[in-house]
Amino acid sequence: PPAAGAEVKVQAPAATAAATATVTATATAQDVAAAPALVPEPAEAPPATGAALVATYKRPIQTIELKKEVVALHFLGGAVDASDAAPRMLMTATSDGCVRLFEAGARRAAGMVRGPKCGIVDAASAGTEAYLVPADAAEGIARVDLSNGRELGGLSCRGDGDDDETAARELSCVAAGERGSSIVVAAGEGGDVFVWDTRVGPRGSSRRSVGGAARSNAGCAPVMTLHVAGAARVSSLALGGYGDVAGAAPASVAVVASNGAKVFDLRNGGSGSSRPTRLQSREPGTRWCGVAKTSGGEFATLSTTGDVTAWRQSGAGYAPVRTMRNVAGVTENTNSHSSNASFAPAFATSAGSLAVAANGDVVSAFDVTDGSTASEWNISDGMASAGGGNGFVRNGWGHGVNDDGEIVSLRAAAFGFGAESQSFGASSFALGFTDGVVRVYGPGDSR
């Protein structure tokens with residue numbers, strides 16, 4: 001500091017001459033000692049991500065009441081790149097055949113498409129297109145453009161040489177490629193897994209034959225039919241192995257059938273003749289009921305005892321790399337609270353390491369890398385649970401009771417994508433229930 005009486009030169013604006021000022025030093029030693037000490041402000045903590053962020057969700061940020069059983073949920077819009085800021089939408093599909101699109105925070109749909117009149121049991125999406133599995137085995141999979149509601153034709157189970165009776169297959173699950181891929185797979189009754197390339201089929205053709213009767217042989221025929229020997233039904237499937245190339249076709253499809261879980265390689269020229277890889281558990285007698293793709297090219301299977309096993313390609317097959325115990329409830333499907341008693345348990349994974357599944361009367365979010373539980377929410381009201389829920393035992397089919405006293409089960413689940421801080425981002429997820437309620441969890445205020 002300047003001494004008492006010292007002159008200090010101050011640079012003034014160009015229009016003014018330099019000014020001088022006299023500073024008088026009056027502070028004493030006692031004044032300095034009495035001054036409060038300067039305390040540095042603590043560094044701002046980085047924002048929570050992943051499981052830590054999910055653990056902060058206390059209630060849904062968006063609740064939608066659809067009145068009909070929710071059979072599928074998917075997040076649409078944007079791109080795979082997390083920096084993309086394009087608006088995202090939530091697609092809901094209900095058992096009455098209606099597909100609706102919701103913006104973040106909205107209670108009313110921004111658009112609706114009516115699918116098969118017989119209703120639907122599952123749905124998938126790729127880009128702006130949706131693929132709807134009809135409840136009637138006589139109809140093919142409906143293909144609709146969500147941007148304008150126009151029907152783009154159907155996907156038929158009929159191949160060359162198949163008659164109408166062979167073509168009429170009851171399908172129960174469908175999956176579509178991501179990153180712009182045109183691959184769609186579906187399965188259900190029997191051990192056949194049908195693979196379509198939507199670029200091959202006739203766009204704009206109707207699913208209905210002349211005379212208006214619904215026929216399963218109308219539309220795009222499968223380019224490949226895979227077979228799980230000895231299986232009575234395939235209940236769940238997932239596509240994986242995309243690599244890092246945008247628009248690349250999936251390299252494999254994992255299926256859960258009545259006689260075990262298998263992975264088919266789709267890179268064999270479309271012949272469908274290669275033998276699948278069996279997912280062989282280290283514990284004899286393990287029964288699988290759900291499968292999903294996880295990060296790093298892995299698949300995750302959900303067992304009927306509530307265990308989740310991660311599988312990684314090893315040589316010519318797949319090997320279990322870790323098993324998370326009791327992260328979900330016993331999911332043996334004896335559920336009678338759904339219009340489709342054969343559906344697989346809702347089990348969804350994020351682009352990172354998160355997954356959600358029903359666990360007794362709560363829905364659990366957990367980390368598939370170590371099995372640690374991030375948080376739990378009551379099925380009945382959607383609020384964060386302290387671990388007890390409404391008293392239903394955890395060793396039963398996951399369900400709760402709504403305000404009307406109805407038993408409710410988790411029917412569908414989906415994770416968002418992109419930046420975690422965005423609406424419908426990678427740490428956001430939606431849950432659909434058999435009573436028609438959809439709850440969205442993510443960063444933000446409740447609506």
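## Pairing around E5

Two strands count as a pair if DSSP finds at least two bridges between them. Keep that in mind for this predicted model, starting with strand E5, which covers residues 89-94. On one side, E5 pairs with strand E4 (residues 70-76) in the antiparallel sense, over 6 bridges. Leu 76 is the residue that stands opposite Met 89 of E5.

E5 also pairs with strand E6 (residues 98-103), again in the antiparallel sense, this time over 5 bridges. Here Leu 90 has Phe 102 in E6 as its bridge partner. The link between E5 and E6 is a hairpin with 3 residues in between. Gly 97 sits in that turn with a positive phi of about 95 degrees. As for cover, E5 is mostly covered, with 5 of its 6 residues buried.

## E17, buried on both faces

How many of the residues in strand E17 (residues 252-257) are buried? The count is 6 of 6. In a regular strand, side chains alternate between the two faces of the sheet. In E17, Ser 252, Ala 254 and Val 256 point one way, while Val 253, Val 255 and Ala 257 point the other way, and all of them are buried.

E17 has an antiparallel partner in strand E16 (residues 234-240), joined to it by 6 bridges. Ala 238 is matched with Ala 254 of E17 in that pairing. Strand E18 (residues 260-265) pairs with E17 as well, antiparallel and over 6 bridges. Ala 257 has Gly 260 of E18 as its bridge partner, and the E17-E18 hairpin has 2 residues between its strands.

## Two nonpolar cores

Nonpolar side chains in soluble globular proteins tend to be buried together. The largest nonpolar core in this model has 21 residues, and Val 54, Val 356, Phe 429 and Leu 431 have the most contacts inside it. At least two core residues come from each of helix H2 (50-54) and strands E25 (354-359), E26 (362-367), E27 (373-378), E29 (407-415) and E30 (429-433). E29 gives the most, with 4 residues.

Phe 429 is worth a closer look. Setting aside neighbours within four places in sequence, its contacts include Val 54, Tyr 57, Phe 75, Val 356, Trp 377, Ala 414 and Phe 415. Arg 439, Val 440 and Tyr 441 are also in contact with Phe 429. There is a second, separate core too, made of 19 residues, and Ala 257 from above is one of them, as are Ala 175, Leu 226 and Leu 266.

## Thr 349

Thr 349 belongs to strand E24 (residues 347-349). Why does Thr 349 count as buried? Because its relative accessible area is 16%, and the cut-off for buried is under 20%.

A polar atom of the Thr 349 side chain lies 2.4 Å from the backbone oxygen of Lys 293. Not counting residues up to four places away in sequence, Thr 349 touches Ala 292, Lys 293 and Thr 294, along with Leu 354, Ala 355 and Phe 415.

## How far to trust it

The mean pLDDT of the protein is 78, and 69% of the residues reach 70 or more. Residues 79-83 drop below 50, and this stretch has 7 contacts in the model beyond near neighbours in sequence. Residues 207-217 are also below 50, with 34 such contacts in the model. Where pLDDT is low, the predicted coordinates should not be read in detail.

Technical notes: Residues are numbered from 1 along each chain as its sequence is written. This is a predicted model: local features need pLDDT of at least 70, side-chain atom pairs count only at pLDDT 80 or more; totals for chains, interfaces and linings use all residues. Side-chain values use heavy atoms; hydrogens and water are left out. Buried means under 20% relative accessible area, exposed over 50%, partly exposed in between (1.4 Å probe, protein chains only). A polar contact is a pair of N or O atoms within 3.5 Å; within protein, one must be able to donate a hydrogen and the other to accept it, and residues adjacent in sequence count only if both atoms are side-chain atoms. Contact means heavy atoms within 4.5 Å. pLDDT is the predictor's confidence in each residue, from 0 to 100. A nonpolar core is a set of buried Ala, Val, Leu, Ile, Met, Phe, Trp, Tyr and Cys residues joined through side-chain atoms within 4.5 Å.
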